[in-house]
Amino acid sequence: MKKKLLMILLSFLAVQVQSQTFNEYEVSFDNRVHHEANIKVKFADLENKVLEVRMSRSSPGRYAVHEFAKNVYSVKATDGKGKALSITRPNPHQWNVTGHDGTVNFEYTLFANRAGGTYSGVDESHAHFNMPATFVWARNLDHRPVKVKYNVPSGSNWKVATQMKDMGNNVYYAPDTYYFMDSPTEVADFHLRERKVNGQNIRLALHTPASDAEVDTYFEEVIKIVEQQAAVFGELPKFDYGEYTFLSCYVPNASGDGMEHRNSTYVVSGKPANRPLGNTSMGTISHEFFHAWNVERIRPASLEPFSFEDANMSGELWFAEGFTSYYTNLIRARSGNMTKEQYVNGLGGAVSYVMNAPGRKYFNPIEMSYRAPFVDAASSIDPDNNANIFISYYTYGSVLGLALDMSLRSMDNGKNLDDYMKHVWNTQGRDEIPYSVRDLQARLSEYAGERFANEFFSKYIFKSEMPDYKTLFKKMGVTFENPNPNAPTLNAFIRINNGVGQLAQNAIVGSPLYEAGIEREDQIISINGTKLSDVKNVNEIVSKLKPGAKIPVEINRWGQAMTKTVTLQASKNMRSQWDANANAAAQKRREDWLKKK
């Protein structure tokens, strides 16, 4: 009886799918050697009005605007009988089609030569598609289901990997335009590995030159990371179609990147063909999979609904990206992909950077997150002052996640960041209830007490104060010290080219060069009487001096020679180190923090 009912249900669903009107796409690769794809779209059962066809300007996982329409050309449209239709351009991203008979067949050529998480790449080895950079869509038809067919080149051995539902014969299904646009796709002769974890299928579609043995070893490391992340939240998310796919593309002409999606991620590396696979992009693997919880389902309200026509500004990226960044290498340490000592010894650099960055004088973590549309792979040609006013929300949020974890663990009452994240998952993420910053504060109040939560958020989230890292690290069996407190520094990176030095970025507020009135556009000729043409690195000059020393720096500013007096500072760079002599309580906290779950 149950079997009969199941067959009836499946038959009903099949009829429902057949009765729906799809937006239908077809992709061919006849000129792939020149990075072109031919794309056809059929929009049917249309109302008698203008069809507005759009190319996206933003992409899920990115926070800035991108002009994807620039790579679309040879556009034409016909009706259901093959008659050419009129196309007008109301703006650079849109094609208006009129005079149709209820059907529009829209066709264009796409140029794609940047295989990464944001853009697309087509060549003789593969087709690498971030969907918003690849496919047009139609306004007011985004609720319709989508089918896309890939015409795989004859003799190529290309296969298709995507989170979309496989309907057979290289045809894939998405329930609506958003899901389609959130479903990156790799079409290539890739390695495929898969394994059930907690009842769901974890797949690795890896496009790279590598032996089967290398790929087997690599996949085992990926699975260990998956298992350790699932242990943080107590479960895997419920993936659509019961499957999650790592779309890993490691080829010389790719652009290193990672981009999370609902049930998949693009992880991309420009790995040389002859370099062993090793641990390539394993940090990105860890980061992007953590997003399956934190950002895809534990979702900032500011990213909903997602706009494909403009940037979504979010003040929660310090948590969505930053806390994810904190877990990136912590999970690798727990899984054994890196040693615990390596992990601990690598923490201090980021903490020191945020502590010393002048950007905290201008913006708190929420306001740093607001700046994502200006920095998240956004391009412009005019100079900015980000060296002084901006701290990446990835880094800023990561060190705040570290501070929160150490603070909770130092209470010695069983509290930790893992269980706070699990609490946020249970209250916001599992049922996909979007959150605000105040919601995160409320969840911390519920988990660790109102007083603790209010203090943490008021000092470090709504303001730009820094936790007492030295004390927190000590309680965790880690030292946090300046290894060279008497080392002199200009606190600047100076590139020397043809004997002339120049700042790699704007002079940092409060640095010796900033205080002396030297800027990025100045050509530095000599420091303390030594010409830069006589050295390979300015440290050869500065390291021989002492903090507080006043030295002449000769510069050329737009053809005018001048000499500035610069006062050297002492290095403020702090570093973390595994403390072999930590007391028993600190060693216990450290063990609990880093051990495999």
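How exposed is aspartate 240? In this predicted model, aspartate 240 has a relative accessible area of 21% and is partly exposed. Its partner in a salt bridge is arginine 262, with an N to O distance of 2.9 Å. The two residues sit in distant parts of the chain, 22 residues apart. Arginine 262 belongs to the loop between strand 19 (257-260) and strand 20 (264-269), while aspartate 240 belongs to the loop between helix 3 (212-233) and strand 18 (243-250). Arginine 262 is buried, at 18% relative accessibility, because the limit for that class is under 20%.

A pairing within a helix comes next. Arginine 443 and glutamate 446 form a salt bridge whose closest N and O atoms are 2.7 Å apart. Both residues lie in helix 13 (residues 437-448), where a spacing of three residues amounts to about one turn of the helix. Here arginine 443 is buried, with a relative accessibility of 13%, whereas glutamate 446 is partly exposed at 46%. Salt bridges with shared partners also build one network, made up of Arg334, Asp405, Arg409, Asp418 and Lys597.

The pair of lysine 49 and glutamate 47 offers another case. Their salt bridge has its closest N and O atoms 3.4 Å apart, which falls inside the 4 Å cut-off and so qualifies. Glutamate 47 is exposed, at 56% relative accessibility, and lysine 49 is partly exposed, with a relative accessible area of 48%. Pairing of this kind is possible because side chains of opposite charge can come together when their charged atoms are close. Under the rule applied here, the count reaches 29 salt bridges.

How values were computed. Residues are numbered from 1 along each chain as its sequence is written. This is a predicted model: local features need pLDDT of at least 70, side-chain atom pairs count only at pLDDT 80 or more; totals for chains, interfaces and linings use all residues. Side-chain values use heavy atoms; hydrogens and water are left out. A salt bridge is a side-chain nitrogen of Lys or Arg within 4 Å of a carboxyl oxygen of Asp or Glu. Buried means under 20% relative accessible area, exposed over 50%, partly exposed in between (1.4 Å probe, protein chains only). Helices (H or I, at least four residues) and strands (E, at least two) are DSSP runs, numbered from the N terminus.
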